[in-house]
Amino acid sequence: MNGESKINDTRKAELLSNVVEHIDITSFDARPIVDAMRKMSFTSRDLGRAAEIYNRMLSDKSCSVILVIAGSTSAGGCMDLYAELVKNNMVDAIVATGATIVDMDFFEALGHKHYQALEIPDDDTLRSLYIDRIYDTYIDEEKLQETDHTIGDIANSLEPKAYSSRAFIREMGKWLMTHGKKENSLVKLAFEHDVPIFCPAFVDSSAGFGLVKHQVDAMKAGGPYLVLDAIADFRELTELKIQAGTTGLLMIGGGVPKNFTQDTVVCAEILGHDDVEVHKYAVQITVADVRDGACSSSTLQEAASWGKVSTAMEQMVFAEATSVLPLLASDAYHRGHWREREKRRFARLFD
């Protein structure tokens with residue numbers, strides 16, 4: 001887009017006027033309500049047990065915690081929540097969708113915002129204004145395209161070779177150390193705290209547009225270009241699982257990140273590591289329906305049949321994540337088991 005576009009800037013400004021404010025889990029103590037919910041039934045009791053399991057992950061000195069994120073909770077107000085988990089040593093590795101990492105976190109790290117939809121006009125109208133919609137949340141498409149180009153610029157600056165998504169995202173974090181406009185960025189904090197981030201479907205995001213442009217431009221110039229190595233993603237995360245030993249999964253949503261993370265146990269076995277234990281602890285928050293056989297909704301007990309997860313300490317919470325995750329995270333933050341945890345710094349495994 002350019003200054004000569006026919007976009008109605010006044011109307012666009014009206015729609016993009018109410019910024020999504022990310023919840024601060026340190027500002028309130030959810031322990032009393034979570035304790036009370038444990039004594040209730042239905043989803044409340046499920047959440048109470050999920051919080052108990054997450055706290056056990058943090059108090060188990062041998063357990064490494066992997067945060068798994070799918071869906072749009074970052075755009076919906078949980079971005080600072082995830083940042084706090086990294087800052088306070090409450091997760092040791094992250095597996096996420098490209099959208100979570102690029103379109104949401106990196107996007108805001110560049111100084112852009114997500115907006116509450118005060119009204120939802122015809123989506124063709126939104127398209128004419130270059131406004132993208134995620135349910136009741138708006139994103140400025142022009143700013144998103146700036147993010148695409150920034151990813152391309154980072155790729156252009158790197159040695160043209162194969163990178164795992166983890167390696168490329170680490171370069172993004174390094175870039176933000178100098179150029180970022182937001183301190184509380186998950187990508188930046190993960191770089192600072194040596195928490196590796198994996199995106200097994202990385203190009204299914206704004207990263208994809210920027211990387212495709214990088215390759216096409218390099219091809220036209222007759223030069224070499226960067227590529228992403230999906231096999232390296234799987235190998236590296238499996239190596240992390242082998243080195244970690246006891247692991248716990250905190251899963252928000254499902255999809256590719258969920259299956260990718262759980263599959264590391266099977267991959268380790270294929271590589272001859274018969275002593276690698278299944279994921280000892282597992283919590284999943286999802287609204288997906290179990291009846292269609294999809295991975296997103298498959299229960300953690302089902303995962304046990306594949307040799308991925310233990311059934312002893314697992315809990316499904318069928319709820320929209322932005323409504324219950326802040327309670328779980330605030331509860332764990334204020335119980336403070338993270339203060340006694342050793343930092344894993346798993347990113348250093350791959351230096």
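These are my notebook entries on cavities, a run of strands and salt bridges in a predicted model.

**Entry 1: cavities**

I searched the whole structure for cavities of 30 Å³ or more, and the search returned two. I took the largest cavity first, and its volume came out at about 70 Å³. I listed its lining as R166, I169, R170, V187, A190, F191, V195, P196 and I197. I then checked which elements give two or more residues to this lining, and they are helix 8 (165-179) and helix 9 (186-192). By class, I noted seven nonpolar residues, two charged ones and no polar ones in the lining of the largest cavity.

I went on to the second largest cavity, which holds about 60 Å³ of space. Its lining consists of V86, N89, V91, D92, H193, V195, K343, R344 and R345. I sorted these residues by class and wrote down four charged, three nonpolar and two polar. I marked V195 in my list because it appears in the lining of the largest cavity and also in that of the second largest.

**Entry 2: strand 10**

Is strand 10 mostly covered or mostly open? I looked up residues 279-286 and found seven of the eight buried, so I entered strand 10 as mostly covered.

I followed its pairing on both sides. Strand 9 (residues 247-252) runs parallel to strand 10, and five bridges join the two. One register point I noted is M251, whose bridge partner in strand 10 is Q284. I also looked at the connection: strand 9, helix 12 (residues 255-270) and strand 10 form a β-α-β unit, and the unit is right-handed.

Strand 11 (residues 309-318) is another parallel partner of strand 10, joined to it by seven bridges. Here I recorded H279, which has V309 of strand 11 as its bridge partner.

**Entry 3: salt bridges**

How many salt bridges does a search of the whole structure find? I got 23, and I looked into three of them.

The first on my list was D60 with K280, whose side chains meet at 3.7 Å, N to O. This pair links distant parts of the chain: D60 sits in the loop between helix 3 (42-59) and strand 1 (64-69), while K280 belongs to strand 10, 220 residues away. I checked accessibility for both. D60 has a relative accessible area of 15%, so it is buried, while K280 is partly exposed because its value is 34%.

Next I took E183 and K188, which form a salt bridge with an N to O distance of 3.1 Å. Which of the two is buried and which is exposed? K188 is buried because its relative accessibility is 6%, whereas E183, at 60%, is exposed. The cut-offs I applied are under 20% for buried and over 50% for exposed.

Last, I looked at D331 and R335, with 2.7 Å from N to O. Both residues lie in helix 14 (residues 321-335), four residues apart, or about one turn of the helix. D331 shows 0% relative accessibility and therefore counts as buried. R335 shows 28%, so I entered it as partly exposed. I also traced what else the pair connects to, and D331 and R335 turn out to be linked with D35 and R38 in a network of salt bridges.

Terms used: Residues numbered from 1 in each chain as written. Predicted model: local features only at pLDDT ≥ 70, side-chain atom pairs only at ≥ 80, totals over all residues. Heavy atoms only, no water. 1 Å grid on protein atoms, 1.4 Å probe; cavity = no way out; pocket = protein on both sides within 12 Å on 5 of 7 lines; lining within 4 Å. Points joined across faces, edges and corners; volume = space filled by probe spheres on them. Nonpolar A, V, L, I, M, F, W, Y, C, P; charged D, E, K, R; others polar. Buried < 20%, exposed > 50% of the residue type's maximum accessible area, 1.4 Å probe, protein only. Pairing = 2+ DSSP bridges. Right-handed = clockwise from strand over helix to strand, strands pointing away. Salt bridge = Lys/Arg side-chain N within 4 Å of Asp/Glu carboxyl O.
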